[in-house]
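Subject: The model we talked about

Hi,

Here is the structure I promised to pass on. Have a look at it first, and my notes on what turned up follow below.

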Amino acid sequence: MTQPSSPGPNQMPAAWSAAASGYAEFVGSWREFPVEAARLARLRPTDVVLDVAAGPGTLALVVAPSVARVVATDFSPGMLQELEARAARESVRNVETAVMDAQELKLEDASFDAAFCMFGFMFFPDRPKAFRELLRVLKPGGRGVVATWAPIDRRPLMKVAMDAFAEAMPQMPPMAKGDLQTVEECRAEMSAAGFREVEVHPFTASFRIDSAASYLEATTRAAAPLVMLRKKLGEQVWAEMERRVLAIVERKIPSGGTSLSAEALITVGVR
């Protein structure tokens, strides 16, 4: 595992707070992934559940009705504000939030029946430490569930936008290959932390995209690196660049809309 020399937008709480409202609106509707993760965790009504890097609560609010209590942590205060607002709107009362780094959880040992992290682990600078922290806070027999993304070629939901930005802005550095994108990587890293009975479950979900314009707007509002890029470029330069990107996206998404899929790898281990 390579360590970044300096934090990028994905490692900056302020960047994710800036993207929080767009992320909550776009990614917050992706229920298929947390529903499958919850199924694999075999949750019980008496369970106390941890959601690490909870974002706007996509998983926390899915599992809350079926468990006793959920603790949702994230290093981004803005993300947790989105979670709290949605919980209030939906009258969910058994979810509590705490600003916290996944690599240093301020939580007691053996205090959770299940612990989840949906699409956050690949951003942690010290993943082995984060895996060990997840293990530490689980009760004996508790399940850890970590979702990461498969390679980009199996994620047209993201690839359409990434390819469009690469074509419109060829001067930008190419996107680096993500981590934890193979079954072998996922199994090895969770096992190395001390989890047992580790299994990796590929899972694909498809989502309806109404138009190229709505897809691009959602993507640019939800992705922390793009939110920060917009601030760096300024509105005039951004608007021109966005027009070029939209023309490219329109070649992939017809005027009547389409469906785009994404494959996740859901890794489950037992303490």
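In this predicted model, the count of cavities of 30 Å³ or more comes to one. That cavity has a volume of about 30 Å³, and its lining is made by Phe-131, Val-146, Thr-148, Leu-180, Cys-186 and Thr-267. By type, four of the lining residues are nonpolar and two are polar, with no charged ones.

One of those lining residues, Leu-180, deserves a second look. Leu-180 sits in the loop between helix H6 (156-168) and helix H7 (183-192), and its phi is positive, about 55 degrees, although it is not a glycine. As background, most residues other than glycine have a negative phi. Is Leu-180 buried or exposed? Buried: its relative accessible area is 1%.

Gln-181 is also in the loop between H6 and H7. With a relative accessibility of 9%, Gln-181 counts as buried too, because the cut-off for buried is under 20%. Leaving aside residues up to four places away in sequence, Gln-181 touches Trp-149, Ala-150, Pro-151, Ile-152, Arg-154, Arg-155 and Leu-265.

There is another non-glycine with a positive phi: Ala-53, at about 50 degrees. Ala-53 belongs to the loop between S1 and helix H3 (60-63). Ala-53 is partly exposed, with a relative accessible area of 23%, whereas Leu-180 is buried.

Now the sheet. Seven strands make up an open sheet with mixed pairing, and the order is S3-S2-S1-S4-S5-S7-S6. Strand S3 (95-99) and S6 are at the edges with a single partner strand each, so each has one side without a neighbour in the sheet. From one strand to the next, the twist averages 20 degrees. As for the partner of S6, strand S7 (residues 258-270) runs antiparallel to S6 and is joined to it by twelve bridges. If you want a spot to find your way by, Ser-206 stands opposite Ser-261 in S7.

Two helices that lie across strands of the sheet are worth pulling up on screen. Helix H2 (residues 32-41) crosses strand S4 (112-118), strand S5 (138-149), S6 and S7, and runs at about 155 degrees to S6. Helix H5 (residues 127-136) lies across strand S1 (48-52), S4 and S5, at about 145 degrees to S5.

On to the pockets. The second largest pocket has a volume of about 280 Å³. Its lining takes in 14 residues, and those nearest the centre are Glu-25, Phe-26, Arg-208, Ser-214 and Ala-218. Which elements give two or more residues to this lining? They are helix H1 (13-26), strand S6 (196-209) and helix H8 (212-222), with H8 giving the largest share, five residues. The lining of this pocket divides into six nonpolar, three polar and five charged residues.

H1 and H8 also pack against each other, at an angle of about 145 degrees and with their axes 7 Å apart. On the H1 side, the contact uses Trp-16, Ala-19, Ser-21, Gly-22, Tyr-23, Glu-25 and Phe-26; on the H8 side, Ala-218, Thr-219, Arg-221 and Ala-222. Six residues of this contact are nonpolar, three are polar and two are charged. Note that Glu-25, Phe-26 and Ala-218 turn up both in this contact and among the residues nearest the centre of the second largest pocket.

Helix H9 (residues 224-233) has Ala-224, Leu-226, Val-227 and Leu-229 as its buried residues. What do the buried residues of H9 pack against? Their partners are H1, H6, H8 and helix H10 (235-249). Right after H9 comes Gly-234, whose phi is positive, near 90 degrees.

Last, Ile-248, which is in helix H10. With a relative accessibility of 11%, Ile-248 counts as buried. Setting aside residues up to four places away in sequence, Ile-248 touches Ala-164, Glu-167 and Ala-168. Ile-248 and Asp-210 are 38 residues apart along the chain, and their C-alpha atoms are separated by 16 Å.

That's the tour from my side.

Cheers

Terms used: Residues are numbered from 1 along each chain as its sequence is written. This is a predicted model: local features need pLDDT of at least 70, side-chain atom pairs count only at pLDDT 80 or more; totals for chains, interfaces and linings use all residues. Side-chain values use heavy atoms; hydrogens and water are left out. On a 1 Å grid over the protein atoms alone, a cavity is a set of points where a 1.4 Å probe fits but cannot get out, and a pocket is an open set with protein on both sides within 12 Å along at least five of seven lines; lining residues have an atom within 4 Å of a point. Grid points are joined across faces, edges and corners, and a volume is the space filled by probe spheres set on the points. Helices (H or I, at least four residues) and strands (E, at least two) are DSSP runs, numbered from the N terminus. Ala, Val, Leu, Ile, Met, Phe, Trp, Tyr, Cys and Pro count as nonpolar, Asp, Glu, Lys and Arg as charged, and the others, Gly among them, as polar. Two strands pair if DSSP finds at least two bridges between them. Axes are lines fitted to C-alpha atoms, for helices over the stretch in contact, and angles run from 0 to 180 degrees between N-to-C directions. Contact means heavy atoms within 4.5 Å. Buried means under 20% relative accessible area, exposed over 50%, partly exposed in between (1.4 Å probe, protein chains only).
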